[in-house]
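These are my notes from going through one model, element by element. I kept to burial, packing and charged pairs.

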Amino acid sequence: MNVVFLSPHFPPWYYLFCVRLKETGANVLGIADEPYEALRPELKAALTEYFRVTDMHHYDEMVRALGYFTFKYGKIHRLDSLNEYWLETEAMLRTDFNIPGIDLEGIAHVKRKSEMKRLFMEAGLKVARGKVAQTAAEAAAFVAEVGYPVVAKPDVGVGAAKTYKITNDEELAEYLVSKPPVDYIMEEFVSGTIVTYDGLTDREGNVVFASTMIYSTGVMESVNQGLDIWYYIPREMPSDLDEAGKAVVKAFGVRERPFHFEFFRQADGGLVALEVNMRPPGGFTIDMFNYANDMDFYKEWANILVHGRFEAAITRPYNCAFISRKDHKRYAIPHEEILRRYGHLIVHHARINDVFAAAIGNYGYILRCPDMAPIEEAAAAIHLPA
């Protein structure tokens, strides 16, 4: 099987997808604009060949790279980056080279939040009322309908960057003059706890692995207000979340892919569908999957891609948490003391790439334990202000 992997060097831990693909028997063909000499040795060893383009935004260069690989190795069977930034490029290449997966016809469903909302409603899920408001009059009319506060975010966009919470007419006016010149969707503000439905589907669209995360605060608040954030993977999957997540998988036709869906859990216990992401969750979450379940997510994805099977036995032995710190904040307990006190719980700790730091912090700790109480104690200590 010939598998093209776009941007195999970034995020930095994605090299493991290529390593596992090779170990599973695939021909792994990389395309990126990074110099070959800068690739880590493990990635170089995993790639059958690497084609460097001057800029991955230059589509003609991407076409030329795929044409070269097709001439040299034959039919390209799969193409991916597992990175939301390149979803549209992937769809164009799959369409032009007749490669299975999300193509140009299907890309709108997973790129536009307004289209996601439509499919959520067709699947019978509750959503926040929303509208793509392109003029001041449309924005004012939407606010008149739902009231303040409202949230405005790019209709096509990744993460919580350039997301606004608007609570009055003055903030609405400021938003209208400061927002980037792209389509924004405005939504009624929904309160609740963010929960996720994350996992992996097989070739037929069956959910073969599912997990959930619960956040201490929203990523939007972490970015906009500089708040500390931590989140955890609980051992148990709520049945209503599993049902809602599988409904989303079916509505969006998710096959042979990792996924990351977001919901609000409201005070009355109900779920509100927020958005879908056709990629694994960000940050250290793939590692958290592995630590929480004693599995290798990278290997299982490669197994599905190459052999069409999922082999891990999921028993959920641990709760697993990610707890971060931000460089601009002062904390009461130094790093060395955190390691001394909670080293028996900490399975990994490291600095976070600057690209992700605004959302999830500059330094992160992964902890696991069968019980949640020790993790909650550690989170409080790690975030205790000086």
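Entry 1, helix 12. The model is predicted, and I began with helix 12, residues 297–307. I counted burial there and found 9 of its 11 residues buried, so I noted the helix as mostly covered. The buried residues are Phe297, Tyr298, Glu300, Trp301, Ala302, Asn303, Ile304, Leu305 and Val306. I then checked both ends. At the start, a side-chain oxygen of aspartate 296 comes to within 3.1 Å of the backbone nitrogen of tyrosine 298. After the helix comes glycine 308, with a positive phi near 75 degrees.

Entry 2, nonpolar cores. I looked up which residues touch the most other members of the largest nonpolar core, which has 66 residues. They are Val4, Phe17, Leu21, Ile31 and Trp301. Helix 12 gives this core its largest share, 7 residues. I listed the contacts of leucine 21, leaving out residues up to four places away in sequence. Leucine 21 touches Val3, Phe5, Ala26 and Val28, and also Trp301, Ala302, Leu305 and Val306. I also found a second core, separate from the largest, with 27 residues; Tyr197, Met237, Leu271 and Met278 are among them. As background, I noted that nonpolar side chains in soluble globular proteins tend to be buried together.

Entry 3, helix 1. I asked how much of helix 1, residues 15–24, is buried. The count is 8 of 10 residues, so the rest of the structure largely encloses this helix. Tyr15, Leu16, Phe17, Cys18, Val19, Arg20, Leu21 and Thr24 are the buried residues. What do the buried residues of helix 1 pack against? I found strand 1 (2–6), strand 2 (27–32), helix 2 (41–46), helix 11 (285–293) and helix 12. Glycine 25 follows helix 1, and its phi is positive, near 110 degrees.

Entry 4, a buried charged pair. The model holds 25 salt bridges. I took the one between arginine 20 and aspartate 296, where the closest N and O atoms are 2.7 Å apart. Arginine 20 is in helix 1 and aspartate 296 is in the loop between helix 11 and helix 12, so the salt bridge ties together parts 276 residues apart in sequence. Are the two partners buried or exposed? Arginine 20 has a relative accessible area of 18% and counts as buried, because the cut-off is under 20%. Aspartate 296, at 19%, is buried as well. Aspartate 296 is also the residue whose side-chain oxygen I had noted at the start of helix 12.

Entry 5, partly exposed pairs. Glutamate 42 and arginine 40 meet through their side chains in a salt bridge, 3.1 Å from N to O. Glutamate 42 counts as partly exposed at 36% relative accessibility, and arginine 40 counts as partly exposed at 35%. I next looked up arginine 351, which forms a salt bridge with aspartate 327 at 2.7 Å between the closest N and O atoms. Arginine 351 lies in strand 16 (residues 346–351), and aspartate 327 lies in the loop between strand 15 (319–325) and helix 13 (335–342). The two are 24 residues apart, and the pair links distant parts of the chain. Arginine 351 is partly exposed at 48%, and aspartate 327 is partly exposed at 49%.

Entry 6, a network. I looked for salt bridges that share partners. Such bridges join Asp80, Glu90, Arg94 and Arg257 into one network.

Key: Residues numbered from 1 in each chain as written. Predicted model: local features only at pLDDT ≥ 70, side-chain atom pairs only at ≥ 80, totals over all residues. Heavy atoms only, no water. Buried < 20%, exposed > 50% of the residue type's maximum accessible area, 1.4 Å probe, protein only. Helix = DSSP H or I, 4+ residues; strand = E, 2+ residues; numbered from the N terminus. Polar contact = N/O pair within 3.5 Å; in protein donor to acceptor, adjacent residues only side chain to side chain. Core = buried A, V, L, I, M, F, W, Y, C linked by side-chain atoms within 4.5 Å. Contact = heavy atoms within 4.5 Å.
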